[in-house]
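Me: Please take a close look at how the oppositely charged side chains pair up in this structure, and at where those pairs sit. I would like one connected account, with the cut-offs given as you go.

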Amino acid sequence: MEDLKNPLLQSPDSIAITIPESVDKRTVRVMLKIGNIKSASCATSIESVLRQLNGVKNVTVSPLQGQAAIQYIQKVITAKKLKETIENAGFPVHGVPEQEIVVCRLRIKGMVCTSCSEAVERALQMVNGVKKAVVGLALDEAKVHFDPNLVDTDDIIDAVKDAGFGADLISSGNDENKVHLKLHGVNSLDDVKTIQSSLESFQGVNYVEMELVENKVTVTYDPDLTGPRTLIHCIQEAGGCSKSYQAVLYVSPSRRETERQHEIKMYRNEFLFSCLFSVPVFIFSMVLPMLPPLGDWLEYKIYNMLTIGVLLRWILCTPVQFVTGRRFYVGSYHALRRRYANMDVLVAMGTNAAYFYSVYVAIRAFISDTFEGEDFFETSAMLISFILLGKYLEVIAKGRTSEALAKLTDLAPDMARLLTLDSNGNVISETEISTQLIQRNDIIKIVPGEKVPVDGIVTDGQSYVNESMITGEARPIAKKPGDKVIGGTVNENGCLLVKATHVGSETALSQIVQLVEAAQLARAPVQKLADKISKFFVPAVVLAALITWMGWFIPGVLGLYPRHWIPRGMDRFELALQFGISVLVVACPCALGLATPTAVMVATGKGASLGVLIKGGDALEKAHKVKTIVFDKTGTLTVGKPKVVSVMLFSGISMEDFCNVATAAEANSEHPIAKAVVEHARKWGQSSGSNAQFFEGAKDFEAHAGAGVTAKVGDKMVLVGNKRLMQTYNIPIYSEVENYISKNEQLARTCVLVAIDGKVAGALAVTDPVKPEAMRVISYLHSKGISSILVTGDNWATADAIAKEVGIEKVVAETDPLGKAERIKDLQMKGNKVAMVGDGINDSPALVAADVGMAIGAGTDVAMEAADVVLIKSNLEDVITAIDLSRKTISRIHLNYVWALGYNILGLPVAAGILYPFTGIRLPPWLAGACMAASSVSVVCSSLLLQSYKRPLQSVGI
């Protein structure tokens, strides 16, 4: 049952100790596991030596739990120094890393293009103590790895704000096994100290952080020892008879969705505010003058050449320029202060040029009785309005890119039915509680139609569970006592009692969400194109705008083009200015910056909903280039549940003794074939009525990768494995054994030989049925030009038989785990992009060596940790889904780039007036701004089309 405590997917950021959490701006608190504490005097001596250290504020050592809670000033002393001091006192310390690294996630506000995300990344990396920073433009998030001894989250947030962007802390440190509680009845500092002291002394509590202002407490705990309900009870008991304390679960609102709605509302309100002024400006400048006599009054001169129309446009345009457009000024200021340029710079330059030239025209008209000039107030106002409309639509579209992830997050039910049982297993009571209050080993009742709240094991009842929302498997799965269930799935027709094994952030659903979030934040290599372009994009556009203005103004002054090219009411300067402004505002760096991350977000979310977890854009990009796939045999091409179908004895040993010896040797092995041997022996004992003890202890157990195991059972030396193991130990294999092996290998069976004291005593023939979809998957891959290779540690005859059955032509057999990795490297040396599909610990070296490692979801945690892609439902068809989805995604990214680059390549010359001499077509600045806004929205909408992705095997009806 020990494996039930292991999460489905291990967190890559997890380390062996509690991550230090901020107690105040100067101190942190750390929990250390200490050995050899045999009495209270040992604890006292440890406390004494630690208190002598400069920087240590408080020390509490628990002799019962073997733990020390130490509060220290992080910039004066380190956890490493604390460890050394304790060890010098004669007590071993376990699990302290060489360097403490904490990971925090931030919500970044105000990013509009790739230049912004790069600026935030640079600002974070310049902070002393920050080891790594990744900023995602599409997610508006940053993930920062930092040394808490040198910097804290407040410093990191200040660095982002200093760069001109907003930042909010999403999470810091290790959020696993952490509960937030709201306190009632706390009226004084003594109450706070009482509760904190009570919690800190409670078994299983690692760290307590009190928030006095909001009466909240955050508790980090060991789920094997305690849980949220127990902690609430501890708080209630802390007051004794004199005080009554209450605690309830504190659930913070979803900040991501709240902030997204706030951002949508903000852009909508700003757009509507700008329209309140810009629409009348547009009507007064473009509509009414075309409809005499309705517009004649606009030409009425107030003083000298200043008309009512110019004055009204000036008055109406000013709020748009300086109130609604303030965001562009602020963004430009911070960008230029940091010596980079973004979209805000282009917009600010374009609108300022139009506005202040128009102000100049209005002032000249006011003081002169002969001046005639054309104002561009409508250009400034309409430009800002169209850009805000584009940002409004873009924010809505970007929100839809993470819909699949949001749906996954919402799968877990809010409430669950908790059962209380007596010692005989009878139900005493049934209580409805919040899912977040479920503790490990709780018994949960799930009636038909309800969702499974957490991962667990069925203890009673039978039913069918719909797991399509997690694995993508449409067919309901039968569940009986002993079967695992996944949180978020739906119980269909029977009542189930489930024992909780993984709760909170340990559940498969939580880890899937964490994995997908990490994948969406990771930057794909194809993104480098946009990053390179963004570095010189804005300066190049400014230079192009200046050249455009000079290219029209200077020839105009010199009379190099006809006078009739200049529209009525304009002069050469104004025509050149309009072309220059159009170039400034038509260029769109945003579309380039969104081309990759939005597509990756949609693809990883869609993949997760189909049961394919892709760990980031890097894996997506590599998978689309795969031309060769290496398959493991056991558990990958086959079902992975071998069974013994034949047993042959070759000596005078009895079947009872043979089963006893073989089982004792194999009991410590995790290999599927070993489990099959143990299961066969158990069933034989039951059927024969034998009372033999099959699990006699084995000594000197040793596993030989790809060969078998050796152990000492009683006074006998036992070897259980394949022919290679026997040859290694010089065990003679006689002709009758060879004949038995040959006969079974021709039937695609694996022969397990059992040697006792240097002689083969017997053999077991084991078969593992091929997965029903294996043949059509191999056939489909072949039709797409992808070759398949079978690499296994099994014998050649069995491997050849399996390969022939599924349609694989190339086979490599009798190889160990390192040999699998070497075979993959050989293929890579020939220029092939290689994917490896496996499920076991022995596959992890090959999964790491391959360009793309794909782990079967029913496999080991080690394999899934090493893999780039996890196939949750263990269906080989998802290998095709992963590769096809990656190809579709990369194609979509390339299409996005073609659109974004093509738009700029075509839009800039048109805005510069290249068509004007031949066709009379020119792009007014306000229309150029509308085109710029539309380009970003179109790229995001293009990425959203990936949401309609269908599995290829379904689409061709195979």
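Reply: E270 is a good place to begin, since at 21% relative accessibility it counts as partly exposed, a class lying between buried (under 20% relative accessible area) and exposed (over 50%), judged with a 1.4 Å probe and protein chains only. The model is a predicted one, in which local features need pLDDT of at least 70 and side-chain atom pairs count only at pLDDT 80 or more, while totals for chains, interfaces and linings use all residues. Residues are numbered from 1 along each chain as its sequence is written, and side-chain values use heavy atoms, with hydrogens and water left out.

E270 forms a salt bridge with R327, the closest N and O atoms being 3.1 Å apart; the term stands for a side-chain nitrogen of Lys or Arg within 4 Å of a carboxyl oxygen of Asp or Glu. This pair links distant parts of the chain, with E270 in helix α7 (residues 255-287) and R327 in helix α9 (residues 326-337), 57 residues apart. Helices (H or I, at least four residues) and strands (E, at least two) are DSSP runs numbered from the N terminus. R327, at 24% relative accessibility, also counts as partly exposed.

A second pair is formed by E450 and R417, whose side chains meet in a salt bridge with an N to O distance of 2.9 Å. Because E450 lies in the loop between β18 (443-446) and β19 (455-460) while R417 belongs to strand β16 (residues 415-421), the pair ties together parts that are 33 residues apart in sequence. E450 is partly exposed, with a relative accessible area of 24%, and R417 falls into the partly exposed class at 26%. The pair does not stand alone, for R417, E430, K445 and E450 are linked in a network of salt bridges.

Further along the chain, the side chains of K723 and E738 meet in a salt bridge at 3.5 Å, N to O. Here the partners are 15 residues apart, K723 in helix α22 (residues 723-728) and E738 in helix α23 (residues 735-745), and the pair is again described as linking distant parts of the chain. K723 has a relative accessible area of 29% and is partly exposed, and E738 is likewise partly exposed, at 30%.

To place these pairs in their setting, the structure holds 20 salt bridges, in a chain that has 32 helices and 37 strands. Of the 958 residues of the chain, 55% count as buried. Residues 24 or more positions apart account for 70% of the contacts with a separation of 6 or more, where contact means heavy atoms within 4.5 Å.

The nonpolar side of the structure provides a counterpart to the charged pairs. The largest nonpolar core, a set of buried Ala, Val, Leu, Ile, Met, Phe, Trp, Tyr and Cys residues joined through side-chain atoms within 4.5 Å, has 153 residues, and those with the most contacts inside this core are F165 and I629. Apart from it lies another core of 37 residues, among them Y221, Y245, A247 and I438. Leaving aside residues up to four places away in sequence, F165 touches I108, K109, G110, M111, C116, A119, V120, V160 and Y340.
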